[in-house]
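Me: I'd like a close look at one part of this protein: a helix pair that packs together, and the pockets around there. Can you walk me through it?

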Amino acid sequence: MRYAAIVVTRQQQIVDVAAELFAERGFHGVSVQDIGEAVGISGPALYKHFSGKAELLQHSLTSVSDRLLAEGTRRADEAPDASAALDALIDWHVDFALTHPALIVIQEREWSTLDAASRERVRETQLAYIDVWVGVLRELRTDLDRPTAQASAQAAFGLLNSTPHSARLNDRQMRALLTQMAHRALLAP
């Protein structure tokens, strides 16, 4: 059991480093050797963990989508009411956007590099995450039909996910600004 924990930790380290490199240089600007060197192993040793760069990219984007959905669902389900659920969802997404900018960059820049099956899996998971937000929004804003609530959630994600390109304040100030802006955007009549 201890060995499995070490393997998972090493695999996550490889995924995290690969995501940073993909965001910095682009998928095609990074070699397996570059990733291996960055995590302190040889390029060929990377193949003990992943079949190659394509699998690393796929794992990065599918795992982050799974994590967004799982944590968003948990926070919404545990909230005592819709207002607290929205607060929890916004807090979660702001935290994600500020702590994982590389994943946001590779999602927007390397989407077409993913194979069709991975794109479909990520898209399905993202739609389920949007649905969590839609349910909460429609409780708070009975004037919203489903398509408008979906568009509102996706627009808020655009705002929050702009942080890799726009975060010029310190972390505390950026969190406060994004939280305030998301609330205003989602709750404005």
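Reply: Here's a walk through the helix contact, then the two pockets. Keep in mind that this is a predicted model.

Let's start with α4 (residues 53-78) and α6 (residues 101-109), whose axes sit 10 Å apart at an angle of about 115 degrees. Angles of 65 to 115 degrees count as roughly perpendicular, and α4 and α6 therefore fall into that class. The crossing of α4 past α6 is left-handed. On the α4 side, the contact uses Leu-57, Ser-60, Leu-61, Val-64 and Arg-67, while α6 brings Leu-103, Ile-106 and Gln-107. By class, that contact has five nonpolar residues, two polar ones and one charged.

Now for the pockets. The largest pocket holds about 430 Å³ of space. It has 19 lining residues, and His-93, Gln-107, Gln-126, Phe-157 and Asn-161 come closest to its centre. Gln-107 is also one of the α6 residues in the helix contact. Two or more lining residues come from each of α4, α5 (82-99), α6, α7 (116-140) and α8 (146-160), with α7 giving the most, five. The lining of this pocket splits into nine nonpolar, eight polar and two charged residues.

The second largest pocket has about 180 Å³ of space. Its lining includes Ser-60, Arg-67 and Leu-103, which also take part in the contact between α4 and α6. Among the other lining residues are Gln-12, Asp-16, Glu-20 and His-100. Here α1 (2-25), α4 and α6 each give two or more residues, and α1 gives the most, with five. This lining has four nonpolar, five polar and three charged residues.

Terms used: Residues numbered from 1 in each chain as written. Predicted model: local features only at pLDDT ≥ 70, side-chain atom pairs only at ≥ 80, totals over all residues. Heavy atoms only, no water. Axes fitted to C-alpha atoms, helices over the stretch in contact; angles between N-to-C directions. Helix = DSSP H or I, 4+ residues; strand = E, 2+ residues; numbered from the N terminus. Parallel < 35°, antiparallel > 145°, perpendicular 65-115°, else oblique. Left-handed = near helix turned anticlockwise from the far one by under 90°. Contact = heavy atoms within 4.5 Å. Nonpolar A, V, L, I, M, F, W, Y, C, P; charged D, E, K, R; others polar. 1 Å grid on protein atoms, 1.4 Å probe; cavity = no way out; pocket = protein on both sides within 12 Å on 5 of 7 lines; lining within 4 Å. Points joined across faces, edges and corners; volume = space filled by probe spheres on them.
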